[in-house]
Amino acid sequence: MDRLEATRLLVGKLSNEPVVANLGMATRDLCAAQDRDANFYMWGAMGLASSVGLGVALATPDRKVVVLDGDGSILMNLGSLATIARERPRNLVHVVCDNQQWGETGGQPTHTATGTDLASVARGAGISKVASASTLEELGKVMDRALKEDGPWCVVARIEPDTERPTINRIEPEVNLWRFRRTFE
Ligand SMILES: Cc1ncc(C[n+]2csc(CCOP(=O)(O)OP(=O)(O)O)c2C)c(N)n1
Ligand SMILES: [Mg+2]
């Protein structure tokens, strides 16, 4: 599955739900798919998209909150899965785009390339709504459920390594934060 296509599919299912995007290509693809005030881009901060998303979800329990994470990033913050399981935000949809590599820094293989199954890790952490998707069709079906049914959800989307870098207009972090906050007023 191609991440940009997967991101487009996902954004097409949203209205004003906040989306927190992992640094690097997740941010780039989200911005290219649809730059919207409710997008929060991590830019250079690795590993914390799930933690930021958890905070947003707990602060706004009446809105679904989507996190677009990366395998390498959640692998450096696995405790976040246990904290999500403990806090049980019903509105959190944590999508982990697993390309089996630290793509942004040159494609070094991550642990998922050598046997770590993040869906099993999420289940082991105590999250019960866990699903994997390898095709756009599967992802679409899972997202329809995850956006409707209570979570927390962890959706592992198996994606291909990125081949293109879409050109985007960089939104300064201060501007990003200001306009993101404004969507909650
Ligand atoms: C704390 C920290 N360590 C390392 C980096 C360098 N770095 C930036 S992106 C990245 C890889 C991210 O991998 P993953 O989350 O799988 O995303 P992908 O690039 O594959 O989409 C690394 C190691 C960083 N920005 N911050
Ligand atoms: Mg990766």
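This is a short tour of a predicted model, with a suggestion at each stop for what to select in your viewer.

**Stop 1: the whole chain**

Start with the protein chain in cartoon view. You should find 8 helices and 8 strands. Along the principal axes, the C-alpha atoms fill a box of roughly 45 × 35 × 30 Å. How does the radius of gyration compare with that of a compact globule? For 185 residues such a globule would come near 16 Å, and the 15 Å of this chain agrees with that.

Switch to a surface next. About 8,600 Å² is exposed, and carbon and sulfur atoms supply 50% of that area. Of the 185 residues, 51% count as buried. If you have a contact map to hand, look away from the diagonal: among contacts with a separation of 6 or more, 72% join residues 24 or more positions apart. Colouring by charge brings up 21 positive and 24 negative side chains, and the centres of the two sets lie 5 Å apart.

**Stop 2: the magnesium ion**

Now select ligand 2, the magnesium ion, and show its protein donors. Which atoms are they? They are Asp71 (OD), Asn99 (OD1) and Gln101 (O), at 2.0 to 2.1 Å from the ion. Along the chain these donors follow the spacing D-x27-N-x1-Q. Asp71 belongs to helix α4 (residues 71-75) and Gln101 to strand β5, so this pair ties together parts that are 30 residues apart in sequence.

Both of these residues are covered by protein. Asp71 is buried at a relative accessible area of 2%, and Gln101 is buried at 17%.

Keep the view here and step back to Gln100. This residue sits in the loop between β4 (92-98) and β5 (101-102). Its phi is near 60°, a positive value in a residue other than glycine. Is Gln100 buried or partly exposed? With a relative accessible area of 40%, Gln100 is partly exposed.

**Stop 3: Asn22 and its neighbours**

Select Asn22, in the loop between β1 (19-21) and α2 (25-33). Asn22 is buried, with a relative accessible area of 5%. Leaving aside residues up to four places away in sequence, Asn22 touches Thr27, Met42, Gly47, Ala49, Leu68, Asp69, Gly70 and Ser73. Showing these as sticks makes a handy picture of the surroundings.

**Stop 4: two backbone details**

Go to Trp43, in the loop between β2 (39-41) and α3 (49-59). Here phi is positive, at about 50°, although Trp43 is not a glycine. The residue is buried, with a relative accessible area of 17%.

Then jump to the loop between α7 (136-148) and β8 (153-158), where Pro152 lies. What is the geometry of the peptide bond from Gly151 to Pro152? That bond is cis, with omega near 10°.

**Stop 5: Ala57 in a helix**

Finish with Ala57, which is found in helix α3. At 1% relative accessibility, Ala57 counts as buried. Its contacts, apart from residues up to four places away in sequence, are Val65, Pro89, Asn91 and Leu92. For a last distance, pick the C-alpha atoms of Ala57 and Val175: the two residues are 118 apart in sequence and 21 Å apart in space.

How values were computed. Residues are numbered from 1 along each chain as its sequence is written. Chains are lettered from A and ligands numbered from 1 in the order in which they are written. This is a predicted model: local features need pLDDT of at least 70, side-chain atom pairs count only at pLDDT 80 or more; totals for chains, interfaces and linings use all residues. Side-chain values use heavy atoms; hydrogens and water are left out. Helices (H or I, at least four residues) and strands (E, at least two) are DSSP runs, numbered from the N terminus. Buried means under 20% relative accessible area, exposed over 50%, partly exposed in between (1.4 Å probe, protein chains only). Contact means heavy atoms within 4.5 Å. The radius of gyration is taken over C-alpha atoms; the globule rule is 2.2 Å times the number of residues to the power 0.38. Accessible areas come from the Shrake-Rupley method with a 1.4 Å probe; for residues, only the protein chains shown count as cover. Lys and Arg count as positive and Asp and Glu as negative; His and the chain ends are not counted. The place of a charge is taken as NZ of Lys, CZ of Arg, CG of Asp or CD of Glu. Donors are N, O and S atoms within 2.8 Å of the metal (3.2 Å for Na, K and Ca); water is not among the atoms, so sites may look incomplete.
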